[in-house]
Amino acid sequence: MKKIIVSFVVAMGLLVAENASAQNKLGYIDVNEAISIMPEMAKIDTLLQQFQTDSLNSTFGSLLQEYNYKDSMLTKTDTTKMPVSVKNQYKQDRENLIYQIQNWQSISQQVYQNKQAQLIQPVYKKVDDAIKAVAKENGYGYVFVKDALIVMPPADDILPLVAKKLGVKYTPPAKK
């Protein structure tokens, strides 16, 4: 009887351990790589290039043109006949334009990044939903972002499963 009880306890322990390990199945994914294989990214790249050319570059050109106009009004015209308030306004506007032109690189970079985030956000959501679905369907208790960990226990790369879930072709890089 004692052997039966011990055998039962050992069997239950193994069953619990097996169930616990199934709950703690580990996976990892390179989210940036998952985003990069999405077909929407080519269109987003094109839209961002167009935004840079049409909006940002044209805005910079407009700033330069406006600065040149304000500057010419102050340097090439007879400002003695100009009311003081108008002359002061031109000077103030010119100073503001100088500031904007000098800081255009950081301003345009921030605007570009905001536009990029706006366009890419739906793709990130789609990939995130696919990661969660793959994790649930395949019993992964934890999925890590590959680049966030220096050391990690053995885990599965779920990128091929996520790509399949998204209906995207993925060819893993050749192992070295």
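**Exercise 1. Work out how strand β1 sits in the sheet of this predicted model.**

Step 1. Strands β1 and β3 run parallel where they pair, and two bridges join them. Within this pairing, Tyr-28 faces Asp-157 of β3.

Step 2. Turn to β2. Its pairing with β1 is also in the parallel sense, over five bridges. One bridge links Ile-29 to Val-145 of β2.

Step 3. Assemble the sheet. The three strands lie in the order β2-β1-β3, and the sheet is open. β2 (140–145) and β3 are the edge strands with a single partner each, so one side of each has no neighbour in the sheet.

Step 4. Recall the general rule. Strands of a sheet pair through backbone hydrogen bonds, in a parallel or an antiparallel sense.

Step 5. Check burial. Buried means under 20% relative accessible area. Four of the five residues of β1 meet this, so the strand is largely enclosed by the rest of the structure.

**Exercise 2. Find which residues of helix α6 are buried, and what they pack against.**

Step 1. Helix α6 spans residues 159–166, and its buried residues are Leu-159, Val-162 and Ala-163. These residues cover an arc of only 100 degrees around the axis, which places them on the same side of α6.

Step 2. Compare with helix geometry. An α-helix has 3.6 residues a turn, so residues three or four places apart point the same way.

Step 3. List the contacts. The buried residues of α6 pack against two strands, β1 (25–29) and β3 (156–157), and against two helices, α2 (31–36) and α5 (104–137).

Step 4. Look past the helix end. Gly-167 follows α6, and its phi is positive, near 75 degrees.

**Exercise 3. Describe the largest pocket by volume and lining.**

Step 1. Take the volume. The largest pocket holds about 190 Å³ of space.

Step 2. Take the lining. Ten residues line this pocket. Nearest its centre lie Lys-146, Asp-157, Tyr-170, Pro-172 and Pro-173.

Step 3. Sort by type. The lining has five nonpolar residues, five charged residues and no polar ones.

Step 4. Link back to Exercise 1. Asp-157 is among the residues nearest the pocket centre, and Asp-157 is also the β3 residue opposite Tyr-28.

How values were computed
Residues numbered from 1 in each chain as written. Predicted model: local features only at pLDDT ≥ 70, side-chain atom pairs only at ≥ 80, totals over all residues. Heavy atoms only, no water. Buried < 20%, exposed > 50% of the residue type's maximum accessible area, 1.4 Å probe, protein only. Arc of directions from axis to C-beta. Contact = heavy atoms within 4.5 Å. 1 Å grid on protein atoms, 1.4 Å probe; cavity = no way out; pocket = protein on both sides within 12 Å on 5 of 7 lines; lining within 4 Å. Points joined across faces, edges and corners; volume = space filled by probe spheres on them. Nonpolar A, V, L, I, M, F, W, Y, C, P; charged D, E, K, R; others polar. Pairing = 2+ DSSP bridges.
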